[in-house]
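Work through these exercises with the model open beside you. Each task is followed by its solution in steps.

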Amino acid sequence: MDIFSMGSHLLFLLFLAIPLSVLLLLAFLVRPRPVRIPLKGRHVLVTGGSSGIGLALARAAADEGARISILARDAGRLASAVGAIRVATGVEAVALSADVRDPAAVADALSGAGPVDILICNQGVYVPQELEAQDLEVIKFTVDVNLMGTFHLIKAILPAMKRRARETGVPASIAIMSSQAGQVGVYGYTAYSASKFALRGLAEALQHEVIADNIHLSLIFPSDTQTPGFAEEKKRRPELTNLIAESSVGMKPEDVAKIALNGIKNGDFFVPCNFEGAVLAIATSGLSPQRSYLMAFLEVFGAGLVRFIVLCFQWNWFNTIEKWHAKKNSKLHKSN
């Protein structure tokens, strides 16, 4: 074997050795450790469970043998959802009526429901409007439902969840429904994005607090989803919001539910629901927990490429905004 051939082989071995060494290091570093969270025979509570993603999640969990409770405000819609779950799965779900903005009402509704093994905080509201035009009461309403409601739910179930996880030795889960608007801010989503970004801080800090209790956090990032309010939401969005999000056709609630439940069962901290969400998850991984050494590898080595991709997204968005304002100013000048 000549020197050139030996050198080529050594370079090839070195090329393989470096990523393998990094993978081994990441397998040691990633925390929390991998976990599997079973659903069969366990109590799953889904908030916002009377329609859309929440109802799809309840059905999917019931299909896997879970005991289901759904919580929402409207008793009539809850009754319809219980019927739909029964017809689809044969499971008799428990309906709980409460406004998540009211901590006493939440605690009262859950007092007789028994310990919760998997909590899915799926409630959420979105009122599309620019911040300058949006009433402060609407902003407060958004934060109260999306953020404070999540605090109220977790506070209500956490003591019993800890006891049950300790007694059974089976891992529990708290899953929080964020949004792709909780990964990146978009025109017209100011209040909504603020409420959803805050959920990440809640989840990261809470995971530190409850990991010793065998409770695992998941943060789910659906894109636009074909829920009952989606068509109406698109009509009410600012024109620029629709221009920026024009390529989004909306996922089916059943598809979001399937991806979300798989992420919950795997104990994934970030659960993106489509390709864009996965790119954003890598771009915004920061100091978030990571169980998978393969995903950690992608985050470490894909960060530069992903940053370039998201810069392309931002270029397109700002270009769209500039063109819209130029067109608007042109019309104003012509009318004057």
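A crossing of two helices is right-handed if the near helix is turned clockwise from the far one by less than a right angle, and left-handed if anticlockwise. Keep that in mind for the helix pairs below. Note also that this is a predicted model.

**Exercise 1. Describe how α4 packs on α5.**

Step 1: Find the helices. Helix α4 spans residues 103-110, and helix α5 covers residues 136-168.

Step 2: Take the geometry. α4 and α5 pack at an angle of about 40 degrees, and their axes are 9 Å apart. Oblique angles include those from 35 to 65 degrees, so α4 is oblique to α5.

Step 3: Give the hand. The crossing of α4 past α5 is right-handed.

Step 4: List the contact. α4 supplies P103, V106, A107 and L110, while α5 supplies H152, L153, A156 and I157. By class, these are 7 nonpolar, 1 polar and no charged residues.

**Exercise 2. Is α5 oblique or roughly parallel to α6?**

Step 1: Read the angle. The axes of α5 and α6 cross at roughly 20 degrees and come within 8 Å.

Step 2: Apply the cut-off. Angles under 35 degrees count as roughly parallel, so α5 is roughly parallel to α6. The crossing is right-handed.

Step 3: Look at the contact. Residues of α5 in it include I139, V143, L147 and F151, and those of α6 include Y192, L199 and L206. The contact of α5 with α6 has 13 nonpolar, 4 polar and 2 charged residues.

**Exercise 3. Classify the angle between α2 and α9, and name the contact residues.**

Step 1: Helix α2 (residues 52-63) and helix α9 (residues 253-266) have axes that cross at roughly 55 degrees and come within 8 Å. That makes the pair oblique.

Step 2: The α2 and α9 crossing is right-handed.

Step 3: From α2 come G52, I53, A56, L57, A60 and A61; from α9 come P253, E254, V256, A257, A260 and L261. They divide into 10 nonpolar, 1 polar and 1 charged.

**Exercise 4. In what order do the strands of the sheet lie?**

Step 1: The open sheet has 7 strands, ordered β3-β2-β1-β4-β5-β6-β7, with parallel pairing.

Step 2: Find the edges. β3 (94-97) and β7 (270-272) each pair on one side only.

Step 3: Check the twist. Neighbouring strands are turned by 20 degrees against each other on average, direction ignored.

Step 4: Add a helix. α6 (residues 190-210) lies across β5 (172-177), β6 and β7, and runs at about 165 degrees to β6.

**Exercise 5. Trace the links between β6 and β7.**

Step 1: β6 (residues 215-221) and β7 run parallel and are joined by 3 bridges. F221 has P272 as its bridge partner in β7.

Step 2: Turn to the rings. The whole structure has 7 aromatic pairs. One of them is F221 with F270, which is edge-to-face, with 5.3 Å between centres and 80 degrees between planes.

Step 3: Place the pair in the chain. F221 sits in β6 and F270 in β7, 49 residues apart.

**Exercise 6. Where do two unusual backbone features lie?**

Step 1: Recall the background. Most residues other than glycine have a negative phi, and most peptide bonds are trans.

Step 2: The bond from R31 to P32 is cis, with omega near -5 degrees. P32 is in the loop between α1 (3-29) and β1 (43-47).

Step 3: N214 is not a glycine, yet has a positive phi of about 65 degrees. N214 lies in the loop between α6 and β6.

Note on methods: Residues are numbered from 1 along each chain as its sequence is written. This is a predicted model: local features need pLDDT of at least 70, side-chain atom pairs count only at pLDDT 80 or more; totals for chains, interfaces and linings use all residues. Side-chain values use heavy atoms; hydrogens and water are left out. Two strands pair if DSSP finds at least two bridges between them. Helices (H or I, at least four residues) and strands (E, at least two) are DSSP runs, numbered from the N terminus. Axes are lines fitted to C-alpha atoms, for helices over the stretch in contact, and angles run from 0 to 180 degrees between N-to-C directions. Contact means heavy atoms within 4.5 Å. Angles under 35 degrees count as roughly parallel, over 145 as roughly antiparallel, 65 to 115 as roughly perpendicular and the rest as oblique. Ala, Val, Leu, Ile, Met, Phe, Trp, Tyr, Cys and Pro count as nonpolar, Asp, Glu, Lys and Arg as charged, and the others, Gly among them, as polar. Rings of Phe, Tyr and Trp (its six-membered ring) pair if their centres lie within 6.5 Å; planes under 30 degrees apart count as stacked, over 60 as edge-to-face and the rest as tilted.
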